[in-house]
Amino acid sequence: MLKSVNRVLLGITGLVLVVLGGSVLAIGLGAPAPSWWLHDGRHDVLLDEAERTRWRDDGWWWPAVIAVLAVLVLLSLWWLLAVLRRRRPAEVLLDTGDDEGASLRGRALEQALAEEASHLDGVDRAHVLLTGRRNSPGARVLLHLRPHIDPATALQALAKGPLTHARTSTGHPALPTEARLQAVKHRPERVT
């Protein structure tokens, strides 16, 4: 969801900036100004003295400008924090049984799960992403299935194999997992 919102907002912002910047550049280079454009021609300034001081004496002007700018700054900070926030744990805490504990790199667990899941019967390739926190991890698994494989069989093999091994080796009996199954595109079969 965040990726699509991020792309849409960046696309809209970029489109607005390109249209405005391109029109200012075109008019500055001598192109005729369109009828909807705010200014008349090449030597016209963007904000003249009358436009800059039009609402200076009105009491609502500066609070409104400051409020709009503050909202824009807060939205930009929220967007930046949402993009920079980590979505997956960097490490997973392991229960060693001796009250000491250990940690495992999250990417190592992802790679081990993906490697084992990709060797399951009928699975072409697998992608794993850890979610949750370091003391209670979860997983998102995407399995690309070969043609003519039963999805239920592949899902049972994933649960009995790689996920059971990950739960046992990490000491987390509850490793909530979201599995998505996707068919690999293949050429149509020829019938003779």
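Here is a friendly conversation about how some labels in this predicted model are earned.

Reader: Let me start with the helices. What makes α5 roughly parallel to α6?

Author: The crossing angle decides that. The axes of α5 (residues 151-160) and α6 (residues 162-170) cross at roughly 15 degrees. Angles under 35 degrees count as roughly parallel, so the pair is described as roughly parallel. Their axes also come within 3 Å.

Reader: Which residues make the contact between α5 and α6?

Author: From α5 there are Ala157, Leu158, Ala159 and Lys160, and from α6 there are Pro162, Leu163 and Thr164. Sorted by class, the residues of this contact are five nonpolar, one polar and one charged.

Reader: Thr164 caught my eye. Why is Thr164 called partly exposed?

Author: Thr164, in helix α6, has a relative accessibility of 35%. Partly exposed is the label between the 20% and 50% cut-offs, so Thr164 at 35% counts as partly exposed. For a sense of place, the C-alpha atoms of Thr164 and Ser118 are 15 Å apart, with their positions 46 residues apart in sequence.

Reader: Now to helix α4 (residues 106-118). How do you know that Glu110 is buried?

Author: Its relative accessible area is 7%. Buried means under 20%, so Glu110 at 7% is buried. Glu110 belongs to α4.

Reader: What is Glu110 in contact with?

Author: Leaving aside neighbours within four places in sequence, Glu110 is in contact with Arg88, Val128, Leu129 and Leu130. In the case of Leu130, the C-alpha separation from Glu110 is 6.6 Å, and the two are 20 residues apart in sequence.

Reader: And Thr131, in strand β3 (residues 123-133)? Why is Thr131 called buried?

Author: Thr131 has a relative accessible area of 18%. The cut-off for buried is under 20%, so Thr131 at 18% is buried. Beyond neighbours within four places in sequence, the contacts of Thr131 are Arg87, Pro89, Pro137, Gly138, Ala139 and Arg140.

Reader: Let's go to a loop. What makes His148 exposed?

Author: The relative accessibility of His148 is 70%. Exposed means over 50%, so His148 at 70% counts as exposed. You will find His148 in the loop between β4 (136-145) and α5.

Reader: What is the phi of His148?

Author: Phi is near 70 degrees for His148, a positive value in a residue other than glycine.

Reader: I would like to look at α1 and α3 too. Why is Val24 called partly exposed?

Author: Val24 sits in helix α1 and has 36% relative accessibility. That value lies between the 20% and 50% cut-offs, so Val24 counts as partly exposed. Val24 and Lys160 are 63 Å apart, C-alpha to C-alpha, and 136 residues apart in sequence.

Reader: How do you know that Leu77 is partly exposed?

Author: Leu77 is a residue of helix α3, with a relative accessible area of 45%. The range between 20% and 50% is called partly exposed, so Leu77 at 45% gets that label. The C-alpha atoms of Leu77 and Pro151 are separated by 43 Å, and these residues are 74 apart along the chain.

Reader: One last topic, the second largest pocket. Which residues line the second largest pocket?

Author: The lining is made of Leu9, Thr13, Leu72, Leu75, Ser76, Trp78 and Trp79. The space in this pocket is about 150 Å³. Two elements, α1 (2-28) and α3 (61-84), give two or more residues to the lining. Helix α3 provides the largest share, five residues.

Reader: How many nonpolar, polar and charged residues are in that lining?

Author: There are five nonpolar, two polar and no charged residues. Leu and Trp count as nonpolar, and the nonpolar class has five residues in this lining.

Note on methods:
Residues are numbered from 1 along each chain as its sequence is written. This is a predicted model: local features need pLDDT of at least 70, side-chain atom pairs count only at pLDDT 80 or more; totals for chains, interfaces and linings use all residues. Side-chain values use heavy atoms; hydrogens and water are left out. Axes are lines fitted to C-alpha atoms, for helices over the stretch in contact, and angles run from 0 to 180 degrees between N-to-C directions. Helices (H or I, at least four residues) and strands (E, at least two) are DSSP runs, numbered from the N terminus. Angles under 35 degrees count as roughly parallel, over 145 as roughly antiparallel, 65 to 115 as roughly perpendicular and the rest as oblique. Contact means heavy atoms within 4.5 Å. On a 1 Å grid over the protein atoms alone, a cavity is a set of points where a 1.4 Å probe fits but cannot get out, and a pocket is an open set with protein on both sides within 12 Å along at least five of seven lines; lining residues have an atom within 4 Å of a point. Grid points are joined across faces, edges and corners, and a volume is the space filled by probe spheres set on the points. Buried means under 20% relative accessible area, exposed over 50%, partly exposed in between (1.4 Å probe, protein chains only).
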